[in-house]
Amino acid sequence: MKYLPNIHSPEDLKKLTQEELVELAAEVRQEIVAAVSETGGHLASNLGAIELTVALHYLFDFKQDRLVWDVSHQTYAHKLLTGRGERLKTIRQYEGLAGYAKRTESEYDHFGAGHASTSISAALGFALARDLQGKEHKVVAVIGDGAMTGGLAFEGMNNAGSMKKNLLVILNDNTWSISKNVGSISKYLTGIMADEKFQRLRTEVWELTGKFKRRDKIRDTIKGIENSIKGLLVPGMLFEKLGFKYFGPIDGHDLPLLIKTLEDLRNIHGPVMLHIATKKGKGYLPAEDDAFKYHGIGKFDKVTGKAAASSADLPAYTQVFGKVMCELAEKDKQVVAITAAMCSGTGLVEYSEKYPERFFDVGIAEGHATTFAGGLAADGVKPYLTIYSTFLQRAYDQVIHDLAIQKLPVVICMDRAGLVGEDGPTHHGVFDIPYLSTVPNLTLCAPKDGNELRAMMHHTADHPQDGIVAIRYPRDIVPTPIEEAIQPIDWGKWEMLNGQSQVAILAVGSMVQPAVKAAEKFAERGIDIAVINARFVKPFDQSMLDQVKTDARVIVTIEEGQLRGGFGQAIAEHLLSSGWEGKFKALAIPDGFVTHGSRAQLLKDVGLDTDGIVNSLEQFLQQQAKTNASLFQRLILNNFSRRKDSLKNVG
């Protein structure tokens, strides 16, 4: 590589000629393909945003100016050009670069975001803060990759258009639908309208007409002519009506054109929208041919584009869910599936192909998706609303107001519940137990494996509930093989996995298998621990809990969710109010945000892998045995003492 190794900051970029910048963009593309092939990540969208990123850092000074990315998984080239190039191959890895913009990672990351449609609102905040402080720097928002389908983007535009603050919004449109507009006429008209001389002439004519008696009619005529020109660029009229000066669409891969246009636009007053057309996967043929597949991908061979072979013998929960949805649709024509721009991520590709008339992708609009599902349910249809746990947070008001109050039988299927891994804190689904447990007329379920997920879903189709059913499951491989027969589920009831004991674990969903393994390790030491599959989080199985209380002197809850407001705290409240005199401990994710890394590493960090559960229980039981030895007839204390002595002898 000729240029990229010498780029340590955007200042180095500004030393290059435009011809050299074109070559640099090609090197950036090559480097991103190489890095993502080793780590996995968002590939196609990043390849489509390279020329734009180069042009922005060439023209602006983002130490002073402000840049907001949306969705910020498009920032790989941005990271390369802002001093993080040597660490790109650590992206999304534990203790490596984040896969999104992150304020604590770089002074060039002005606003962090892992989801979509936030940039215009945030950028307007930056613009207003600038003006309140008497500063003069530029504010730029880049929005694309579907983010304009979210209502929040239009709320921000509506407010920005009315406030008339100096703000540049770049719509990075990477779909094919506008390609017909990217031609010589569009380029010519946009070049004229963005040109500084044209804008100055436009302002002078506007001021001159203000001196005429019939100025309003004259100005209406001039505005009509301008709108007629812009009518050739159909998308622009919407943005104009929202108060933006619209330019485009232009070819987002024509670097000299981008530089010229941005240079003209950066000094125009008021809110400005530049519409650019880009191609996802640009410059890497496998990604160009299948941008859907290469949007987010695991490790792959950069030469052939072939994905690395999976070592997993069992399917992921997402795959199981997708198969079950097809089963439900086959036997019941009232079953429909709804997703918010996550057809592949939620496992619904096969369903969408088999039952297209009963599949609805509403775009990045979770609130709308939820109320839409409510309307379907209110008229007898059986909607399965499939949204990542962390993204459902955006629809919390709709869950309460539009579904729960009206007791509408919508099934909410929450993929990515718990720690998702490399996407980090913006994507960890660790808050759904606390935020859904407070909602009346809602049943919250957590299957222990793929078979139980299948059984729960079939039950909801065969026995519609009086209210919401929410099912949470992790981004993980199922722990046991999928059985051919569906085992009926005793709805609302927990499952006792072994006999009663003085020590009982109530494990939720993904934590059942680690709890069972932990209990097996204790059994090897002569300590019996009962494990209960607490598959119904809300309402919980009070009758089985009362049964457990009769023998257990220690109860421990384990959940892959936030401790505060979680399942454990609900159980603790019940035990306290019932007068139970035993000891209680809740194992969950501590109050705080968990970083990015492999799911296994993160579970280890928060003490929710098997070893972590064993260590926590060991410390807790030792403490209880020392303070009240008669509680366990000294059994536990003696076992641990012998274990320590044996370890010392081995040493």
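Student: What makes both faces of β13 count as covered?

Tutor: Look at the two sides of the strand in this predicted model. I468, A470 and R472 lie on one side, V469 and I471 on the other, and all of them are buried. Side chains in a regular strand alternate between the two faces of the sheet.

Student: Why is β13 called largely enclosed?

Tutor: Count along residues 468-472: 5 of the 5 are buried, so the rest of the structure largely encloses this strand.

Student: Which strands pair with β13, and how do you know that they do?

Tutor: Pairing needs at least two bridges. Strand β11 (residues 411-414) has 4 bridges to β13, in the parallel sense, and one of the matched pairs is M414 with R472. Strand β12 (residues 442-445) is also joined to β13 by 4 bridges and runs parallel to it; there, L444 stands opposite A470. Both counts pass the cut-off, so both are pairs.

Student: What do β12, helix α20 and β13 make together?

Tutor: A right-handed β-α-β unit, with α20 covering residues 450-462.

Student: How do you know that C413 is in no disulfide?

Tutor: The nearest cysteine sulfur, that of C445, is 9.9 Å away. A disulfide needs the two sulfurs within 2.5 Å, so this pair doesn't qualify. From the other end, C445 has the sulfur of C413 as its nearest, and C445 is in no disulfide either. Searching the whole structure turns up 0 disulfides.

Student: Why is C413 called buried?

Tutor: Its relative accessibility is 0%, and buried means under 20%, so C413 fits. C445 also has 0%, so it gets the label too.

Student: What makes D109 buried or exposed?

Tutor: D109 comes out at 4% relative accessibility, which is under the 20% cut-off, so D109 counts as buried. D109 is in the loop between α5 (76-84) and α6 (119-132). Residues it touches, leaving aside those up to four places away in sequence, include H78, K79 and A101.

Student: What makes D109 and R84 a polar contact?

Tutor: Their side chains come to 2.9 Å. The limit for such N or O pairs is 3.5 Å, so the distance fits.

Student: Why are β14 and β19 said to stand at the edges of their sheet?

Tutor: That open sheet has 5 strands in the order β14-β16-β15-β18-β19, with mixed pairing. β14 (495-496) and β19 (583-589) each have a single partner strand, so one side of each lacks a neighbour in the sheet. For β14, 2 antiparallel bridges lead to β16 (residues 530-533), with M496 opposite I532.

Notes: Residues are numbered from 1 along each chain as its sequence is written. This is a predicted model: local features need pLDDT of at least 70, side-chain atom pairs count only at pLDDT 80 or more; totals for chains, interfaces and linings use all residues. Side-chain values use heavy atoms; hydrogens and water are left out. Buried means under 20% relative accessible area, exposed over 50%, partly exposed in between (1.4 Å probe, protein chains only). A polar contact is a pair of N or O atoms within 3.5 Å; within protein, one must be able to donate a hydrogen and the other to accept it, and residues adjacent in sequence count only if both atoms are side-chain atoms. Contact means heavy atoms within 4.5 Å. A crossover is right-handed if, with the strands pointing away from the viewer, the path from the first strand over the helix to the second runs clockwise.
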